[in-house]
Amino acid sequence: MDTSIERIRAKIADLEAKLSNLRIAERELLALETAPAPRIKAAPRLKPKRKPKANRPSPVRKTIGAAIAQVLGEHGALPVAEIAGQIKAAGRDIGKRSVSHSLQAMKKQGLVKSGNGRWMLSKARTRPVPA
């Protein structure tokens, strides 16, 4: 049989546990209030539409594959860095990684092959690379 004192002590222990939880919540709220406010991204600005340039035909750029085929046709077997350098020298800003990806795709098509770290055109190439 519970005595009144035991019930009161149990109630006090329960209230102390609740008070402890409230103090933890209060500390967390204070930490959130002093923390800097999160930055909200501004809405993206819409770019105005470009008007087509009158009476000026746009220059037609070769594909990367066509540029690679031209360089390999003129210079023979070259490593990726030199192929990229030759294409850059011709006025197109391109990196070694783009050249490497294009060479891998061309290799799957049978247009180029590699050996000793150098890339060359395949002998069985009969059709021109589209510009």
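Let's start in the middle of the fold. The buried residues of helix α3 pack against three elements: α2 (64–75), α4 (96–108) and β2 (118–121). Keep in mind that this is a predicted model.

Which residues of α3 are buried? The helix spans residues 80–89, and its buried residues are Val80, Ile83, Ala84 and Ile87. They cover an arc of only 95° around the axis, so they sit on the same side of α3. That side is what meets α2, α4 and β2.

Now, what comes after the helix? Gly91 follows α3. Its phi is positive, near 105°.

Step back to the whole chain. There are 4 helices and 2 strands. Reading from the N terminus, the order is α-α-α-α-β-β. The chain has 131 residues, and 17% of them count as buried. Its exposed area is about 11,600 Å². Carbon and sulfur atoms supply 56% of that area. On contacts: take pairs of residues at least 6 apart in sequence. Of those contacts, 46% join residues at least 24 apart.

Next, the strands. In which sense do β1 and β2 pair, parallel or antiparallel? Antiparallel, over 4 bridges. Strand β1 covers residues 112–115. One position to find on screen: Val112, which stands opposite Leu121 in β2. The two strands form a hairpin, with 2 residues between them. In that hairpin, Asn116 takes a positive phi, near 55°. And recall that β2 is also one of the elements packed against the buried residues of α3.

Last topic, charge. Side chains of opposite charge can pair when their charged atoms come close. How many salt bridges does the structure hold? It holds 1. The partners are Asp14 and Lys18, at 3.8 Å, N to O. The cut-off for that distance is 4 Å, so this pair counts.

Where does the pair sit? Both residues are in helix α1, which runs over residues 4–34. Asp14 and Lys18 are 4 residues apart there, so about one helical turn separates them.

Are the partners buried or exposed? Neither, strictly. Asp14 has a relative accessible area of 35%, which makes it partly exposed. Lys18 has 48%, and is also partly exposed. The exposed class begins over 50%.

To recap. Helix α3 puts Val80, Ile83, Ala84 and Ile87 on the same side. Strands β1 and β2 pair over 4 bridges. Helix α1 carries the Asp14 and Lys18 pair.

Methods:
Residues are numbered from 1 along each chain as its sequence is written. This is a predicted model: local features need pLDDT of at least 70, side-chain atom pairs count only at pLDDT 80 or more; totals for chains, interfaces and linings use all residues. Side-chain values use heavy atoms; hydrogens and water are left out. Buried means under 20% relative accessible area, exposed over 50%, partly exposed in between (1.4 Å probe, protein chains only). The arc is that of the directions from the helix axis to the C-beta atoms. Contact means heavy atoms within 4.5 Å. Two strands pair if DSSP finds at least two bridges between them. A salt bridge is a side-chain nitrogen of Lys or Arg within 4 Å of a carboxyl oxygen of Asp or Glu. Accessible areas come from the Shrake-Rupley method with a 1.4 Å probe; for residues, only the protein chains shown count as cover.
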